[in-house]
Amino acid sequence: MSKTTIDTKRPGFFPADELDGAAAFYREQGFLVVTDALAEAEVQTLCDEGVAICRGQRGDVSLPDGLAPDPSLEDDAFIENFLCIHHPHKISTVMYDYLAQKTMVDALTRIIGPNVKCMQSMLFIKSAGKPGQAWHQDEDYIPTRDRSLCGGWIAMDDATLENGCLWVIPGSHKPGVLWPQYPHNDPQFDCAVMSYDFPYSDDDAVPVEVPAGSIVFFNGYLLHRSLPNRATTGFRRCLVNHYMSAESLLPWHHKEGVGMGKQDMRDIVMVAGEDPHAWKGVHPKGGAHVRPAGEGGCGDGRVDLETFKEEKPVEERAYL
Ligand SMILES: O=C(O)CCC(=O)C(=O)O
């Protein structure tokens, strides 16, 4: 874990043992940072486990043909081929245990409420040269019914402007609107679609530089992005887990024959309190897998925004 000069005496930054005021800041701004949330040894444990996961020692996370690195490479050279692995908690007991890391749960119960469940984890490796993630809101992907979605983003390296830290638009969660998205062709970002036509500009955005061991919490309606890792060496690793209130149903995946009001994805892990829907059981859905970084392009239909709007009828744009 590197020693950093990142300024942590800023509004929205709270030491792990002084979380008073954290929930109020989060409500207003849509994010907050808990510094020193993980000890140096905990961060090292996550980094070591990240290597074991990428090497396939916890289960299959193969990269597509032609992109798989030579197993004889040193650890750093091996893992730099990965951008992100989804659901590492499904194959790694270490990652599973960190879903309910103490400071994570302390902050989540203040932000969300006493009953909290987790439905997703992602391990970003993001080595030098890898792309960022374009503007988006996480509830576009993981729709809660009470707007309680919250990312808990654990920095495993210092996250800086140079290596592609998170950027957020403070307060952008407040209108409760999910803005439209389009299949951008901006090579700075990976292949996920980009939000547009929101009433903010890049000038409203702030970078969230944090030291390793911090946790950034951000609301599922908050517009956020990250830029590419422009450093020449090293990584910008993080473990980001997504949480929500256990009271809300989660209509994330469509179950055939079930009415909209009863859709509830039950591949969840409780991290605090009681689950009022426990009687339904937990039903695993899908496993850990690699997210492509866009090597070789993002496929057909990638356009600039102007062309997209000209060419796509609004009724198609509305449901993209
Ligand atoms: O870590 C990143 O670069 C992006 C993470 C992100 O956008 C997310 O977790 O929703």
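Around the ligand in this predicted model, the surrounding residues are Phe124, Gly132, Gln133, Asp138, Gly151, Leu166, His224, Ser226, Cys238 and Val240. Two elements give two or more residues each to that shell, namely β12, which covers 224-226, and β13, which covers 238-245. If we sort the shell by class, we find 4 nonpolar, 5 polar and 1 charged residues.

Let me now turn to strand β4, residues 116-124, which I would like to take together with its partners. How many of the 9 residues of β4 are buried? The count is 8 of the 9, and therefore the strand is largely enclosed by the rest of the structure.

As for the pairing, β4 is joined to β13 by 8 bridges, and these two strands run antiparallel; within that pairing, Leu123 of β4 stands opposite Leu239 in β13. You will recall that β13 is one of the elements giving two or more residues to the shell around the ligand.

Strand β3, residues 84-86, is likewise antiparallel to β4, with 3 bridges joining them, and here Cys84 faces Phe124 across the pairing, standing opposite that residue of β4. Phe124 is also among the residues around the ligand, which is the point where I would ask you to look at the structure on the screen.

The remaining pairing I want to mention is with strand β14, residues 269-272, which runs antiparallel to β4 and is joined to it by 3 bridges. In this case the residue to find is Val116, which stands opposite Ala272 in β14.

Terms used
Residues numbered from 1 in each chain as written. Predicted model: local features only at pLDDT ≥ 70, side-chain atom pairs only at ≥ 80, totals over all residues. Near = placed C-beta within 6 Å. Helix = DSSP H or I, 4+ residues; strand = E, 2+ residues; numbered from the N terminus. Nonpolar A, V, L, I, M, F, W, Y, C, P; charged D, E, K, R; others polar. Buried ≥ 20, exposed ≤ 12 C-beta atoms within 10 Å, placed from the backbone. Pairing = 2+ DSSP bridges.
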